[in-house]
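Q: Please take a close look at one part of this model, its covalent cross-link. Then work outward to the charged pairs and the packing around them.

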Amino acid sequence: MQRKAYVPGTAVLLAALLAGCTGGSGGGDTTTDPKPGDVGATTPVAQPGKYRTLPEACAAVSHDSLDSLLPGIKQITDQEQRDTAYEGEATLTYDTDRRVGCGWKVESTDATDHLLVDFERVVSYDNAISDDARAQDIYAAKEAAADLPAPAGSATASATGSASATGSGSGSGAPTPSSSASTPVTGGGTPSAGTSGTPSDLQPRRLDSVGDEAFLDDKLNSASSTTQQRTVTVVFRTSNVLVTVEYAEQPTASAGAPDSKEMQDKARNLAQKLVDRFND
């Protein structure tokens, strides 16, 4: 009879222990961290760029374009040498899926012409930044480095003109930057109302109809005591690819500066053909 008297007490003790364990387990569930694979813990991945590969740079420029940009090619009488001139020379690169380029240099009776094309495919390694957004940042840095003049009629250009007018009316007698004879002429060509003696439509500038965004730069440098070299550069972006076209010409004798409009037209035409090649 005494053994049966202890059974109810034991049952009560077990029930209390079970209740305590159940309560502790419920409290612990509220602080459990989500597993790394849970849907709520995933981070959205930015979109990859449109282009996954690059074209072969030396084959990207047609013979017709090379004939226009490098007139000396058609003056080469030896067929083997002419074929070699058309081929160009590939730029040294270690990852042809990310960057490729090609250069040409041809002499003619009047000048030596250089052409360089460079393709860079941008890949973002940040899941929060798309390839296109990263390419936009790199393009913006290239444009800023070119230090393009403010477009005529813009607020910046107007402010600069007002400051120059105020300075010229002062009685200090000190020359203002706009009146200095050493100010370099960037664009060349026939003098007009342009701020550097260059027609406004030939000034270094942004281009509205080449790729997603583009700019053109035009520099004239002294190659020797008697000749000047002009270099026209067009940089454009199409999705996550940046393309640079650099076209330079140096006369073989003292024949004045290479024509700015003609060189700009040729460089822009090639850039547009490269845009079309990417869109095919």
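**The cross-link and its surroundings**

A: The structure holds one disulfide. The model is predicted. The partners are Cys 58 and Cys 102, with their sulfur atoms 2.0 Å apart. The dihedral about the S-S bond is 95°, and the link is right-handed. Where do the two ends sit? Cys 58 is in the loop between α2 (7-29) and α3 (63-69), while Cys 102 belongs to strand β2 (residues 99-107), so the bond ties together parts 44 residues apart in sequence. Is the pair buried or exposed? Both Cys 58 and Cys 102 are buried.

Now the wider frame. The protein has seven helices and seven strands. Their order along the sequence is α-α-α-α-β-β-β-α-α-β-β-β-β-α. The protein has 280 residues, and 33% of them count as buried. Take the contacts between residues at least 6 apart in sequence: 59% of these join residues at least 24 apart.

Charged pairs come next. The structure holds nine salt bridges. One of them joins Glu 120 to Arg 99, with the closest N and O atoms 3.9 Å apart. Glu 120 lies in strand β3 (residues 111-121) and Arg 99 in strand β2, so this bridge ties together parts 21 residues apart. Strand β2 thus appears twice: it carries Cys 102 of the disulfide and Arg 99 of this bridge. The ends of the bridge sit in unlike surroundings. Glu 120 counts as buried because its relative accessibility is 16%, against a limit of under 20%. Arg 99 is partly exposed, with a relative accessible area of 37%.

Glu 143 and Arg 206 form another salt bridge, at 2.8 Å from N to O. This pair links distant parts of the chain, with Glu 143 in helix α5 and Arg 206 in strand β4 (residues 205-207), 63 residues apart. Glu 143 is buried at 13% relative accessible area. Arg 206 is exposed at 61%.

Lys 219 and Asp 217 also meet in a salt bridge, at 3.6 Å from N to O. Lys 219 is partly exposed, with 39% relative accessibility. Asp 217 is buried, with a relative accessible area of 9%. Shared partners also build a network: salt bridges join Arg 99, Asp 118 and Glu 120 into one.

Asp 118 leads on to Thr 244, which touches it. Thr 244 is in strand β7. Its relative accessible area is 16%, so it counts as buried. Besides Asp 118, and leaving aside neighbours within four places in sequence, Thr 244 is in contact with Leu 116, Val 117, Thr 233, Val 234 and Val 235.

Strand β7 also helps to cover helix α7. The other elements over the buried residues of α7 include α3, β3, β4, β5 (213-222) and β6 (228-238). Which residues of α7 are buried? They are Ser 260, Met 263, Gln 264, Lys 266, Ala 267, Leu 270, Ala 271, Leu 274, Val 275 and Phe 278. The length of the helix can be checked too. Helix α7 (residues 260-279) has 20 residues; at 1.5 Å a residue they should span 28 Å, and the end C-alpha atoms are 29 Å apart, which agrees. At the start of α7, a side-chain oxygen of Asp 259 reaches to within 3.3 Å of the backbone nitrogen of Lys 261.

One acid stands apart from the bridges described above. Asp 131 is found in helix α5 (residues 131-146), the helix that also holds Glu 143. Asp 131 is buried but has no salt bridge. How far away is the nearest side chain of opposite charge? That side chain is Arg 121, at 5.6 Å. A salt bridge needs nitrogen and oxygen within 4 Å. What does Asp 131 touch, not counting residues up to four places away in sequence? Its contacts are Gln 47, Pro 48, Gly 49, Val 122, Val 123, Ser 124 and Asn 240.

Back to the starting point. The link between Cys 58 and Cys 102 is right-handed, and both residues are buried. Its β2 end lies in the strand from which Arg 99 pairs with Glu 120 of β3.

Note on methods. Residues are numbered from 1 along each chain as its sequence is written. This is a predicted model: local features need pLDDT of at least 70, side-chain atom pairs count only at pLDDT 80 or more; totals for chains, interfaces and linings use all residues. Side-chain values use heavy atoms; hydrogens and water are left out. Helices (H or I, at least four residues) and strands (E, at least two) are DSSP runs, numbered from the N terminus. Buried means under 20% relative accessible area, exposed over 50%, partly exposed in between (1.4 Å probe, protein chains only). Lys and Arg count as positive and Asp and Glu as negative; His and the chain ends are not counted. Contact means heavy atoms within 4.5 Å. A disulfide is a pair of cysteine sulfur atoms within 2.5 Å. The expected span of a helix is 1.5 Å times one less than its number of residues. A polar contact is a pair of N or O atoms within 3.5 Å; within protein, one must be able to donate a hydrogen and the other to accept it, and residues adjacent in sequence count only if both atoms are side-chain atoms.
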